[in-house]
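Biologist: I would like a close look at a single part of this model. Please take one strand and follow its surroundings outward.

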Amino acid sequence: MAEQPRGERLQKVLSRAGIASRRAAEDLIREGRVTIDGRVAVLGDRVAAAGEPPVMILVDGEPVRQHGPSRYLLLNKPAGYVTTRSDPEGRPTVMDLIPERWRRRLKPVGRLDYGTEGLLLLTDDGDLAYRVTHPSFGCSKRYFAKVRGLPGDSAIARLRGGMVIAGRRTAPMRLARAPARRGARPARASSWWQIELVEGRTRQIREMFFRVGHPVQRLRRVAIGRLEDTELPLGAWRELSADELAVLRSGPGPRPGRGAPGPRRRQPRRRKPRRR
């Protein structure tokens, strides 16, 4: 019987270290940007089986921090935080909301702008980050938006059909009037909408509603694929369960119909949220 290869594939190690997805890590290796103990790496290289001495891996001359199993956090981002690891303007970042011991290791998956609230993943798993953010995997993101006034039929058609922003047309969005909360007074000056995007671009929702004359007054992301959490307080975080990870890795969830939100589904078991 042939001896099984020892260690892990280099691209898997780079992905788990949060450098890039496995596919992107393969490109780094092909381009000669990765070295192992001073030798230029090639595709097929394996490193550091359990119990063996670690090797020195460099990407563009910078050492790669090797560590144990990946970590996955779900954060309910408040407004007033930047979705970056650091900010040159000195504004608070989402990294300030998670334990200090994890800040060098984790990265935000995707982006919520400074004034937007809602669910945000942080992980060091490059493969999962790629699956969640790249539109080819169809992982939709769902939002609630409060906008000024009530868009008419023509504005709704423009929003659903997509617009050219920065020289490129946006993908169609799913848009439905969000039901009013029980007991809430009807508001004439504003309206709430449920929005679903597969390909989200920077400030896309705000820009599109602004162009049809109904600026966004509040924006909140409430779902990433089939991952939801209506009980996680603003500013709190928790680790994902194994069931939730399986849901994210299994592909896109079912999409609601055009006119109304989809049926409420039983959510995977969640871990208790924590604050700083």
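Modeller: A residue counts as buried when its relative accessible area is under 20%. By that cut-off, strand 9 is mostly covered: seven of its seven residues are buried. Keep in mind that this is a predicted model.

Start with the partners of strand 9 (117-123). Strand 7 runs antiparallel to strand 9, and six bridges join the two. Within that pairing, L74 has L121 of strand 9 as its bridge partner. Strand 8, residues 107-109, is also antiparallel to strand 9, with three bridges. Here P108 is matched with L122. Strand 15 pairs with strand 9 in the parallel sense, over two bridges. E117 stands opposite R220 of strand 15, and G118 has R221 as its bridge partner.

L122 deserves a closer look. Beyond its neighbours within four places in sequence, L122 touches R71, Y72, L73, L75, V94, M95, I98, L106, K107 and P108. P108 is thus both a contact of L122 and its bridge partner.

L122 also belongs to the largest nonpolar core, which has 31 residues. Together with L159, L175, I195, I205 and F209, L122 is among the residues with the most contacts inside that core. Strand 9 gives two or more residues to this core, and so do strand 7 (72-77), strand 10, helix 4 (153-161), strand 14 (190-197), helix 5 and strand 15. Nonpolar side chains tend to be buried together in soluble globular proteins. A second core is separate and has 16 residues, including L227, L232, A236 and L240.

Now move outward through strand 15. Seven bridges join strand 15 to strand 10, and the two run antiparallel. F144 stands opposite R220 in that pairing. R220 therefore faces two partners, by the bridge pairing of strands: E117 and F144. Strand 15 also pairs with strand 16, residues 227-228, in the antiparallel sense over two bridges. I224 has L227 of strand 16 as its bridge partner. The hairpin of strand 15 and strand 16 has two residues between the strands, and G225 takes a positive phi near 60° there. L227 also appears in the second core.

Helix 5 is the next neighbour to consider. Its buried residues are Q204, I205, R206, M208 and F209. They pack against strand 10, helix 4, strand 11 (164-165), strand 13 (174-177), strand 14 and strand 15. I205 and F209 are the two already named among the residues with the most contacts in the largest core. After helix 5 comes G213, with a positive phi near 85°.

Last, the second largest pocket. Its volume is about 500 Å³. The lining has 25 residues, and R111, Y143, G200, R201 and R221 lie nearest the centre. R221 is the bridge partner of G118, which ties the pocket back to the strand we began with. Helix 3 (126-133), strand 10 (141-148), helix 5 (204-211) and strand 15 (216-224) each supply at least two lining residues. By type, the lining divides into eleven nonpolar, six polar and eight charged residues.

Conventions:
Residues numbered from 1 in each chain as written. Predicted model: local features only at pLDDT ≥ 70, side-chain atom pairs only at ≥ 80, totals over all residues. Heavy atoms only, no water. 1 Å grid on protein atoms, 1.4 Å probe; cavity = no way out; pocket = protein on both sides within 12 Å on 5 of 7 lines; lining within 4 Å. Points joined across faces, edges and corners; volume = space filled by probe spheres on them. Helix = DSSP H or I, 4+ residues; strand = E, 2+ residues; numbered from the N terminus. Nonpolar A, V, L, I, M, F, W, Y, C, P; charged D, E, K, R; others polar. Core = buried A, V, L, I, M, F, W, Y, C linked by side-chain atoms within 4.5 Å. Buried < 20%, exposed > 50% of the residue type's maximum accessible area, 1.4 Å probe, protein only. Contact = heavy atoms within 4.5 Å.
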